[in-house]
Amino acid sequence: MARIIQADEAVDEAVTLLEGGNLVAIPTETVYGLAADATNGEAVARIFEAKDRPRFNPLIAHVADMAMARQIAVFDDLAEKLTDKFWPGALTLVLPAAQKSQISGLVTAGLKTIAVRMPVGVARLIAARLGKPLAAPSANPSGKLSATTAADVEAGLGDRIPLIVDGGPARIGVESTIMKVEEDSLTLLRPGGVSVEDIEAATGRPVRRLSSGSAVEAPGMLASHYAPDAGLRLNAVEVHDGEALLAFGAIRAAGADRAKAVMNLSPDGNLLEAAANLFSHLHRLDRLGARIIVVEPIPDRGLGAAINDRLSRAAAPRGVPET
C-alpha cells in the first residue's frame with residue numbers, strides 16, 4: 001500500500017522516487033495528480049498501467065517555471081498573455097511542441113502539440129526540485145471519479161503506487177481548463193478551473209467551442225469519464241425511492257425526503273464551493289451503494305460549465321468503445 005506523507009515532509013522522498021522512474025500522487029489546486037518524470041518513457045508508461053488509461057489519451061506536462069515551459073512548448077504572443085494572467089493556476093495550454101524536446105512521446109500521444117500547465121503549490125516545487133516537467137493526469141483509475149483528497153487517491157490507487165503526498169483537500173476541486181492556442185485563436189478543449197468568461201475578458205478574443213465527437217486532443221475529452229459506480233441522472237426535479245441526491249442551492253427536488261442520502265454541493269448556490277465539493281460528494285454518495293445518484297440542476301455559467309461538463313461525462317453511457 002502507498003505511504004501517505006504530509007506535503008511539507010514529503011518533497012525529498014517524492015523527488016527521489018520520481019528520479020528512480022516511480023510514480024507519486026501529488027496535490028494540486030485542482031485535483032490530485034499521478035506524477036512521473038515526463039522525460040522518462042518507462043515512468044510515463046507506468047502511469048497508463050496504474051490507471052488503465054488508453055494510450056491515445058494525452059497527458060498534461062506540469063512545469064515549475066516559464067524557462068521549463070519554453071523548453072517543451074512554443075509560446076506565441078497570445079499564449080504569453082494567458083500565462084501572464086493565469087499562471088501559476090488552473091489553466092492548461094495546448095501549444096505546438098518544441099523541437100528537440102525531451103518529453104516522452106507517450107505524454108503527447110504522438111500529437112505535434114503538448115498540453116502544459118504551471119500548477120500552484122507543492123506540485124510546482126517538486127517539478128522545480130526534479131528539474132524536469134511532471135506528466136500528471138488525475139490520480140484515479142481511468143474513467144472514474146477524480147481524487148480531491150489523499151484518502152480518495154488511496155482508495156483508487158493505493159495498491160499501485162508507493163507514495164501519496166497529502167496536501168489536504170484540493171482548493172478548486174475540478175480539473176484545469178484546457179485551451180488550445182493556434183494561429184492567434186482560442187479553442188476550448190475542456191472547461192475547468194478558469195472560466196471561459198475570464199479568458200475572453202483577459203484576451204479580448206472569443207473562445208471557440210468544439211462540437212461533440214471531436215478528436216481527442218487533450219485529457220478529459222472522452223465521452224464517458226469521471227464516472228462513479230452508480231448511474232447518474234442529471235437536472236433532476238424528482239427523487240425516487242432509494243436514489244441518492246446530489247443537491248445544489250436552497251430549493252430541493254420533489255421527493256428529496258425519500259433519498260437514500262443527500263449531499264449539497266453548496267446550500268448558498270455558490271459555484272466555487274460547488275466545484276470544490278463535486279468529486280468528494282460524489283465519492284461519498286457512491287460509497288453508500290445507491291444504484292442511481294440524481295443531481296439537481298446547476299447553472300451553466302462560470303465554474304458551472306466545468307461542473308456540468310464533468311457530470312455529463314460521468315452520466316454518459318459506459319462500455320462503449322472509445323474512439
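This is a guided tour of one predicted model, going from selection to selection in the viewer.

**Stop one: helix 2**

Begin by selecting residues 41-51, which make up helix 2, and colour A43, V44, A45, I47, F48, A50 and K51, since these residues of the helix are buried. If you then show the surroundings of those buried residues, you will find them packing against strand 3 (33-37), helix 5 (105-108), strand 7 (134-135) and helix 7 (150-157). At the N-terminal end of helix 2, select N40, which caps the helix with a side-chain oxygen that lies 3.1 Å from the backbone nitrogen of E42. Beyond the other end comes D52, the residue that follows helix 2, and its phi is positive, near 55°.

**Stop two: strand 3 and a link to K132**

Stay with strand 3 and pick out L34, which is found in that strand and is buried, with a relative accessible area of 0%. For a sense of scale, draw a line from the C-alpha of L34 to that of A7: the two residues are 27 apart in sequence, and the line spans 15 Å.

Now select D37 together with K132, whose side chains meet in a salt bridge with an N to O distance of 3.5 Å. Because K132 lies in the loop between helix 6 (122-130) and strand 7 while D37 lies in strand 3, the pair ties together parts that are 95 residues apart in sequence. Which of the two partners counts as buried, and which as partly exposed? K132 has a relative accessibility of 34%, so it counts as partly exposed, whereas D37, at 4%, counts as buried.

**Stop three: T30 and its surroundings**

Move next to T30, in the loop between strand 2 (24-26) and strand 3, where a relative accessibility of 3% means that this residue counts as buried. Show the side chains of T30 and R117, and you will see that a polar contact of 3.3 Å joins them. Leaving out residues up to four places away in sequence, T30 touches A90, R117, A170, I172, G173, V174, E175 and S176.

**Stop four: E175, R310 and P191**

One of those residues touched by T30 is E175, and it deserves a selection of its own along with R310, with which E175 forms a salt bridge whose closest N and O atoms are 2.8 Å apart. This pair links distant parts of the chain, since E175 sits in the loop between strand 8 (163-166) and strand 9 (177-182) and R310 sits in helix 10 (residues 303-314), 135 residues apart. Both E175 and R310 are buried. Adding D309 and R313 to the selection brings up a network of salt bridges that links these two residues with E175 and R310. A search of the whole structure finds 19 salt bridges, and another that can be shown is the one between R209 and E200, where the closest N and O atoms are 3.9 Å apart; E200 counts as partly exposed, at 27% relative accessibility.

Return to R310 and add P191, a residue in the loop between strand 10 (185-190) and helix 8 (196-203). P191 is buried, with a relative accessible area of 14%, and, leaving aside neighbours within four places in sequence, its contacts are S176, T177, A305, A306, D309 and R310. By contrast, a line from P191 to A150, 41 residues apart in sequence, covers 24 Å from C-alpha to C-alpha.

**Stop five: the nonpolar cores**

In soluble globular proteins, nonpolar side chains tend to be buried together. Here, select F75 and L93, which touch the most other members among the 100 residues of the largest nonpolar core. Around F75, leaving aside neighbours within four places in sequence, the residues in contact are M66, A69, R70, E80, T83, W87, L93, L95 and V116. A second, separate core holds nine residues, among them A247, A253, I292 and V294.

**Last stop: a pocket**

Finish with the second largest pocket, which holds about 260 Å³ of space. Which residues lie nearest its centre? Of the 16 residues that line this pocket, K144, L145, G156, H283 and D286 lie nearest the centre. To place the lining within the fold, display helix 7 and helix 9 (271-287), each of which supplies at least two of its residues.

How values were computed:
Residues are numbered from 1 along each chain as its sequence is written. This is a predicted model: local features need pLDDT of at least 70, side-chain atom pairs count only at pLDDT 80 or more; totals for chains, interfaces and linings use all residues. Side-chain values use heavy atoms; hydrogens and water are left out. Buried means under 20% relative accessible area, exposed over 50%, partly exposed in between (1.4 Å probe, protein chains only). Helices (H or I, at least four residues) and strands (E, at least two) are DSSP runs, numbered from the N terminus. Contact means heavy atoms within 4.5 Å. A polar contact is a pair of N or O atoms within 3.5 Å; within protein, one must be able to donate a hydrogen and the other to accept it, and residues adjacent in sequence count only if both atoms are side-chain atoms. A nonpolar core is a set of buried Ala, Val, Leu, Ile, Met, Phe, Trp, Tyr and Cys residues joined through side-chain atoms within 4.5 Å. A salt bridge is a side-chain nitrogen of Lys or Arg within 4 Å of a carboxyl oxygen of Asp or Glu. On a 1 Å grid over the protein atoms alone, a cavity is a set of points where a 1.4 Å probe fits but cannot get out, and a pocket is an open set with protein on both sides within 12 Å along at least five of seven lines; lining residues have an atom within 4 Å of a point. Grid points are joined across faces, edges and corners, and a volume is the space filled by probe spheres set on the points.
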